[in-house]
Amino acid sequence: MSLKLTALSLLLASVAFAAAPPPATVTKEVTGEAAIVDGNKDKAFAEAKSAALREAVEQVAGVLVSSDTLTANSQLVSDRIFTRSAGYVRTHEVLERKEEGGVAKVKVRAEVATAQLDKDLQAVQALIRRMGNSRMLIVLQEQAVTPDKVITSSAVLTQVLTDSFSKDGWRMIDPSFAAGKLELSSGVSLTTPDKKVIQELKVADYVITGTVTFRHEKSSGNAATLQGQLKDVYLVSGEWELSVFATDSGTQIARLADKFDSGPDSLGSGSPLISYERTSFQIAQRRGKTLVADVRKAVVDYLSQAEQNGATVVMKVQGLADFKAVKTFKDVLTRTIHGISDVKQGNFEKGQIQFDLRYLGSTEALADALGEAAFQQKLTTALGGKPATKASVTGVTSNTVELTLAR
């Protein structure tokens, strides 16, 4: 009996400990490092101290949420949390400063406040959950132009972006299997796809479209000097112009453009240019990191706004007798359904009208609310009190709700 009681006591204690809120502050002793560049020791020690404070925040964050969450979503957590680590540090004390082999090292004792850190981490986890099953479709018009002006198709940037987002956990949609329409401009200039065309894509949550051009340049006179013993140098220049759309609303959430060449900014240092294809790949891989980060930020900002202000929903209503009934329906909708805002009505024709609105919740939750007795009763009363009036949800997608009124 005593063993059972002991086991039960331990179980209850562990549950209570797990449910207990984190302490107001957590103290960590950590060391940060930074290379001393061009003899600038002051800058190196400042960077080492910042690295130490960030490490302290990272360790506390690892206590508040699982390390798997932090590791699998390191870039997102870094962008939203760790880049402003100093804001979570209540006080800190420098315990040691030293220089070893051209590296500045700073040891600090930091007191990290957990309340805001925990709140921000929870917000990031909510975004991670929403992004976890997000589907992305990449449809780019890529072309390579040879020195003789021969144009061939390419898929270099598409592959780099697909690999990067796949590692992030996105579900990548093969364009050949994508349902719906997507119109792209010809040539190297980008024309924004029509909103209604984008909205027809039901298979993806986000779409990256645009044009990419890799121009193969003729070797210059000093090409051999640039690459040591290599006889031929394969230089590439070009540009891309991309747009990112959220298909739930047809909203363009980012427009990204970049020009590049075969310089260090695009290739790094010491990269052998052994073929035009290899040069193009190295450029896409290096410059693509910034592109991926920009797309990720645009999606996160879009989701954050939806969390705060509601997601865009298109509501189609069929069966309203006249324009007076339209105004009545809109009034009942905004007064009765909690979480609805910014309701805009479109053209009214043949008893059908479309409303564009924001809703704090999913379209499934909105459909459930429309079917509740409170809404049904108020709508019936407002439309003339005829008990035979019934609003039936006849269609739901990730961004649309169809409602049919019948008597």
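# Notebook: helices, sheets and salt bridges

I began at the start of helix α2, where a side-chain oxygen of Asn40 comes to within 3.1 Å of the backbone nitrogen of Lys43. I note at once that this is a predicted model, and I read every entry below with that in mind.

**Helix α2.** I then followed the helix along its length: α2 covers residues 41-64, which makes 24 residues, and from its first C-alpha to its last it reaches 35 Å, close to the 34 Å expected at 1.5 Å a residue. I looked up which of its residues are buried and found Ala44, Phe45, Ala48, Ala52, Leu53, Ala56, Val57, Val60, Ala61 and Leu64.

**From α2 to a strand.** Lys41, which belongs to this helix, took me to another part of the chain, since its side chain meets that of Glu99 in a salt bridge with 3.1 Å from N to O. The pair links distant parts of the chain, with Lys41 in helix α2 and Glu99 in strand β2 (residues 89-100), 58 residues apart. I checked both partners for accessibility: Lys41 is partly exposed, with a relative accessible area of 40%, and Glu99 also counts as partly exposed, at 39%.

**The three-stranded sheet.** Strand β2 led me to an open sheet of three strands, which I read in the order β1-β3-β2, with antiparallel pairing. The edges are taken by β1 and β2, each of which has a single partner strand, so one side of each is left without a neighbour in the sheet. Direction ignored, neighbouring strands of this sheet are turned by 15° against each other on average. Looking at one pairing in detail, I found that β2 and β3 are joined in the antiparallel sense over 10 bridges, and that Val94 has Val108 in β3 as its bridge partner.

**Salt bridges on this sheet.** I next asked which residue forms a salt bridge with Lys107. The partner is Glu29, and the closest N and O atoms of the two are 3.9 Å apart. Lys107 lies in strand β3 (residues 103-113) and Glu29 in strand β1 (residues 25-35), so the pair ties together parts that are 78 residues apart in sequence. Lys107 is partly exposed, with a relative accessible area of 29%, and Glu29 is partly exposed as well, with 44%.

**Strands β7 and β8.** Another salt bridge that I looked up joins the side chains of Glu239 and Arg215, at 2.8 Å from N to O. Because Glu239 lies in strand β8 (residues 235-246) and Arg215 in strand β7 (residues 206-217), the pair ties together parts that are 24 residues apart in sequence. Is Glu239 buried or exposed? Glu239 counts as buried, at 15% relative accessibility, whereas Arg215 counts as partly exposed, at 30%. Returning to Glu29 and Lys107, I noted that salt bridges with shared partners join them with Glu93 and Arg109 into one network. For the model as a whole, I recorded a count of 13 salt bridges.

While I was at strand β8, I also looked at Ser243, which lies in this strand. Ser243 is buried, with a relative accessible area of 0%, and its side chain makes a polar contact with the side chain of Gln252 at 3.1 Å.

**The five-stranded sheet.** Further along the chain I traced a second open sheet, in which five strands follow the order β11-β12-β10-β14-β13 and the pairing is mixed. Its edge strands are β11 (340-349) and β13 (390-396), each of which pairs on one side only. Neighbouring strands here are turned by 25° against each other on average, direction ignored.

To see the mixed pairing for myself, I compared two of its neighbours. Strand β10 (residues 311-318) and strand β14 (residues 400-406) run parallel and are joined by five bridges, and Val314 has Thr400 in β14 as its bridge partner. By contrast, β13 and β14 pair in the antiparallel sense over six bridges, and here Ala391 has Leu405 in β14 as its partner. I also noted that β13 and β14 form a hairpin, with three residues between them.

**Helix α12.** My last entry concerns helix α12 (residues 363-371), in which Thr363, Leu366, Ala367, Ala369 and Leu370 are buried. Seen down the axis of α12, these buried residues fall within an arc of 160°, so they line one face of the helix.

Definitions and conventions: Residues are numbered from 1 along each chain as its sequence is written. This is a predicted model: local features need pLDDT of at least 70, side-chain atom pairs count only at pLDDT 80 or more; totals for chains, interfaces and linings use all residues. Side-chain values use heavy atoms; hydrogens and water are left out. Helices (H or I, at least four residues) and strands (E, at least two) are DSSP runs, numbered from the N terminus. The expected span of a helix is 1.5 Å times one less than its number of residues. Buried means under 20% relative accessible area, exposed over 50%, partly exposed in between (1.4 Å probe, protein chains only). A polar contact is a pair of N or O atoms within 3.5 Å; within protein, one must be able to donate a hydrogen and the other to accept it, and residues adjacent in sequence count only if both atoms are side-chain atoms. Two strands pair if DSSP finds at least two bridges between them. Axes are lines fitted to C-alpha atoms, for helices over the stretch in contact, and angles run from 0 to 180 degrees between N-to-C directions. The arc is that of the directions from the helix axis to the C-beta atoms. A salt bridge is a side-chain nitrogen of Lys or Arg within 4 Å of a carboxyl oxygen of Asp or Glu.
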